[in-house]
Each structure stands twice: as C-alpha cells, then as structure tokens.
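User: Please take a close look at a single part of this model and describe, with care, how the pieces there sit against one another.

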Amino acid sequence: MKKLLFLFLLLGGVKAMAQQEVSEDEMKKANNPLANAKAINLQNYYVPTIYDNADMHANSMLVRVILPFANGKILTRFTMPFNTNPTTVQNDVAKYASGTGDLSFFATYTFTKPTSHLLIGAGPSLSIPTANSDYTGAGKWQLGGAFIIFNMASAVIQYGALITYLGSIAGQEDRSSTSGLQIQPFLLVQLGKGTYLRSTALSTINIEGNTYNVPIGVGLGKVVKAGKAVFNIFLEPQFTIVHYGAGQPALQLFAGINCQF
C-alpha cells in the first residue's frame, strides 16, 4: 500500500508541473503500445482482496523501460517487478514475502508503417529468473512471443490488444514448469483536454496450472506535458468477472505514470 501512496504523490507532483497544451497526436501516442518514443513507466497493481482469503492482499510495482530502434520499426520493452505476495497463514495472520520478481523483455517488429493509423507488431519475449524469493518469481527461464495491434484511426476512440506467451525452457528443477498466456485489451475514449476513459485489464491464463483470471477495468487518465516530456497519469479499478484456481485477485487497483520523451 505504501508503494501505491508513493505513486499517487508522484502523480500529483507531475500534474502540478505540467502547464502545456497536449496535441491530438500526443494524446494518441501516450497510450500507443507501439509508439516510436523512449519511455519510462512506473505502474502499480494493488490487490486489496484475494478470493481465497479476503484478509490477504498483494502488490506489484512495475518499472518499465521502452526503447525504439530503426525509426520505430523495432520496439523493445523491459519490465522489472517488485512484488509482495502472501505465503502462509499462521494463527489467522497472513505472512508475506517481498522482493524482486522476474525480469521480462520483448522485442517487436512493426509490420505496418510507424505513421499508420493501424499498427501491428510481433516478436520474441523472454523472462529471466531474477526473483530473490520463491514467492515473487517462477524460478524458470521462459521463452515465448508477443503480438500487438493498435488502431488510432479515430480521434475519439482508440483500441487494440497486447498478447504475450511465455513457457519455461530451463531453471530450478524443483520448481513447476510454466506455460502462460496474457491478454491485455486497450480501449481508450478521449474526453478532451487530455482527459480520457480507459479499460486495459490484463487477463492471465496459466495453461500449465490450469488456472485463469479474467478482469474488466474502468478507469480515468490524464495526459499532460512538461517541457519535451509527455506524462500519462491514470487510475483504473479492475474487477474479476471470471476466475478459476487459488490465489486469484477479486479486485485490483491499477495506477501508473508513463513518461514519453
């Protein structure tokens, strides 16, 4: 919860600094997963309640670095999570483990022109077992792929999806093999003056463990500009509508600040 409060304080500071008008192109680019722009993202998933035990919670702070190459035709994204997850319950009190998660990476090639209204990209993905606890990472090297599609033809509504797959190829022999699919839709409705509605809830399907979690999100965002940097500030509650298996979140609060240069 402290990480979420820190993020909100940071959001307030950025908004106070920003005074410049944001153009229509900058609005679209701020939420474009294939944007030809360097970016640093600080995002946080706070889970206040878990289906197994309503008194349990979890948190994941994501630090992301996005670097385009070849005039935007190749996009790379690195994500380092810092996780807090429940481990056991002793005397009706939940115990938690906190630490680094597994570093993930993908690189996509954009098949359409970077200036096109419809962008399509695909490429390999990799997860490296950098977690310092069995409860914050998978303990496996994982390899897979990423597919992204994003439509910016409308000035009011933009939409698309990011689909990633990772399966274990090596790692700690005493840890379970992994095979998982993540699907993140993007639906953005521009309200004017940098404000927009968003729905970007991430569905997770654990193929190896036969579990899944499908949420739906409804949130609000604001794009502001300070100097040459464009900041995308948002908060999106995400409610689970379908789930199966242990440890699934009933509710997530997804907040973040994305900075494009």
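What follows looks at strand S6 and the residues around it.

Analyst: The model is a predicted one, and the description below begins with the loop that precedes S6. That loop runs between strand S5 (103-110) and strand S6 (118-128), and threonine 112 lies in it. Leaving out residues up to four places away in sequence, threonine 112 touches Leu118, Leu119 and Ile120, and it also touches Lys73. The side chain of threonine 112 reaches the backbone nitrogen of isoleucine 120 at 3.2 Å. As for lysine 73, 39 residues separate it from threonine 112 in sequence, while the C-alpha to C-alpha distance between the two is 8.4 Å.

The strands on either side of this loop are themselves paired: S5 and S6 run antiparallel, with 6 bridges between them. Within this pairing, phenylalanine 105 has leucine 126 of S6 as its bridge partner. S6 is also joined to strand S7 (residues 140-151), again in the antiparallel sense, and here the bridges number 10. In that second pairing leucine 119, one of the residues touched by threonine 112, stands opposite phenylalanine 150 of S7.

Leucine 119 and phenylalanine 150 meet again in the surroundings of asparagine 32, a residue of the loop between helix H2 (24-30) and strand S1 (39-50). With residues up to four places away in sequence set aside, asparagine 32 touches Leu119, Phe150 and Met152. Its relative accessibility is 10%, and asparagine 32 therefore counts as buried, the cut-off for that class being under 20%.

From S7 the view can be widened to the largest nonpolar core, which has 23 residues and in which Tyr196 and Val223 touch the most other members. The elements that give two or more residues to this core are H2, S1, strand S2 (58-69), S7, strand S9 (179-192) and strand S14 (229-244). Among the contributors, S7 gives the most, with 3 residues. Valine 223, when its neighbours within four places in sequence are left aside, is in contact with Val22, Met27, Ala30, Gly194, Tyr196, Val230, Phe231 and Asn232. There is also a second, separate core, made of 6 residues, and Phe231 is included in it, along with Ala229, Ile257 and Cys259.

Key. Residues numbered from 1 in each chain as written. Predicted model: local features only at pLDDT ≥ 70, side-chain atom pairs only at ≥ 80, totals over all residues. Heavy atoms only, no water. Helix = DSSP H or I, 4+ residues; strand = E, 2+ residues; numbered from the N terminus. Buried < 20%, exposed > 50% of the residue type's maximum accessible area, 1.4 Å probe, protein only. Contact = heavy atoms within 4.5 Å. Polar contact = N/O pair within 3.5 Å; in protein donor to acceptor, adjacent residues only side chain to side chain. Pairing = 2+ DSSP bridges. Core = buried A, V, L, I, M, F, W, Y, C linked by side-chain atoms within 4.5 Å.
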